Amino acid sequence: MFDFSKYLEKDEKILYQGTPVPGKGDKSIGMLIFIIVFMAIVQGLLIWSVVTGAGDGANGVDLSFIIIFGVTLFFDGIAIYNIVYLKFFKKIAVKDDYFCITNKRALKYESKKNKLVYGYLVNYVHITCENEKGGYGDLYMQIDIKESDDAAETLAYVKDIMRNPNPENMPSIIFECIENPRNVRKIVKEARDKILESNNK
């Protein structure tokens, strides 16, 4: 087990430590397959409308065709990547990770990269369990994305924090293939609630 105690801040104590159990949890890919099939149908209809000149396709390949076709290809790519990751690479990717929850932070050590990353619980608005099966699953902790009337500004913000996350203030942390993810989620939520309570005094 990685020694997280060396990296604790003042008044910080460990509430949970764990390691992944590769291969455990649900690897359901039904929704991903549905996305691929749905996008393929949309792509087929787009091509059919251009070939036959029916409906909006009477204009041929125009900007709207390119945008819609590009978006469907993008979602296809994401779905295919996730299927490949879940079925083949997830076990390898997570097997040497170590997880820790303190009364302040969520910490993750990736031994392959010799890298410690963490985020502050108070920032994690979304705390969810996913891919659960047989008492195992993934715990997702994520910040709330700031809202903006400008969609381009919001997209740029999301791209920036995902491409260049601060390892000392991660926008999201995932504990994959852990035992009893709901119990760990409860620990996180209770610790976060105490922080918020203390901040409001």
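## The overall layout

From the N terminus on, the elements of this protein run β-α-α-β-β-β-β-β-α-β-α. Counted up, that comes to four helices and seven strands. The model you are looking at is a predicted one. The protein has 201 residues, and 31% of them count as buried.

## Helices H1 and H2

A good place to begin is helix H1, which covers residues 30-52. How far apart should the ends of this helix be? With 23 residues at 1.5 Å a residue, H1 should span 33 Å, and its end C-alpha atoms are indeed 33 Å apart, so the expected and actual spans agree. Several residues of H1 are tucked away from the surface: Leu32, Met39, Gln43, Leu46 and Ser49 are buried.

Helix H2 takes up residues 63-94, and Phe75 has its place there. Phe75 also belongs to a nonpolar surface patch of about 570 Å², which it makes together with Leu63, Ile67, Val71, Phe74 and Ile78. Is Phe75 buried, partly exposed or exposed? Its relative accessible area is 38%, and because partly exposed covers the range between 20% and 50%, Phe75 counts as partly exposed.

## The hairpin of S3 and S4

Next, have a look at two strands that pair with each other. Strand S3 holds residues 105-110 and strand S4 holds residues 115-120; they run in the antiparallel sense and share six bridges. To find your way across the pair, start at Lys108, which stands opposite Val117 in S4.

The hairpin has four residues between its strands, and Asn114 takes a positive phi there, near 50°. This part of the chain also offers a salt bridge, in which the side chains of Glu110 and Lys113 meet at 3.6 Å, N to O. The two partners differ in their surroundings: Glu110 counts as buried at 15% relative accessibility, while Lys113 counts as exposed at 60%.

## The nonpolar core

Now turn to the inside of the protein. The largest nonpolar core has 20 residues, and those touching the most other members are Ile101, Ala106, Leu121, Tyr124, Leu139, Met141 and Phe175. Which elements each supply at least two residues of this core? They are strands S2 (97-102), S5 (124-133), S6 (136-143) and S7 (172-179), along with helix H4 (181-199). The largest share, four residues, comes from H4.

## Two positive phi values around S7

Strand S7 and the loop that follows hold two backbone angles to look out for. Cys177 lies in strand S7, and its phi is near 55°, a positive value in a residue other than glycine. Cys177 counts as buried because its relative accessibility is 2%, under the 20% cut-off.

Asn180 lies in the loop between S7 and H4. Asn180 is not a glycine either, yet it has a positive phi of about 50°. Unlike the buried Cys177, Asn180 is partly exposed, with a relative accessible area of 37%.

## Salt bridges across the chain

Side chains of opposite charge can pair when their charged atoms come close. How many salt bridges does a search of the whole structure find? The count is five. One of them joins the side chains of Arg105 and Glu9, at 3.8 Å from N to O. This pair links distant parts of the chain, since Arg105 sits in strand S3 and Glu9 in the segment before strand S1 (14-18), 96 residues apart. Arg105 is buried, with a relative accessible area of 2%, whereas Glu9 is partly exposed at 28%. Both residues also belong to a network of salt bridges that links Glu9, Glu12 and Arg105.

Another salt bridge is formed by Arg182 and Glu132, whose closest N and O atoms are 3.0 Å apart. Here too the pair links distant parts of the chain: Arg182 is in helix H4 and Glu132 in strand S5, 50 residues apart. Arg182 counts as exposed at 52% relative accessibility, and Glu132 is partly exposed, with a relative accessible area of 29%.

Note on methods
Residues numbered from 1 in each chain as written. Predicted model: local features only at pLDDT ≥ 70, side-chain atom pairs only at ≥ 80, totals over all residues. Heavy atoms only, no water. Pairing = 2+ DSSP bridges. Patch = residues over 30% accessible without salt bridge, like charges linked within 9 Å, V, L, I, M, F, W, Y side chains within 5 Å. Areas by Shrake-Rupley, 256 points an atom, 1.4 Å probe, with all protein chains shown as cover. Salt bridge = Lys/Arg side-chain N within 4 Å of Asp/Glu carboxyl O. Buried < 20%, exposed > 50% of the residue type's maximum accessible area, 1.4 Å probe, protein only. Expected span 1.5 Å × (residues − 1). Core = buried A, V, L, I, M, F, W, Y, C linked by side-chain atoms within 4.5 Å.
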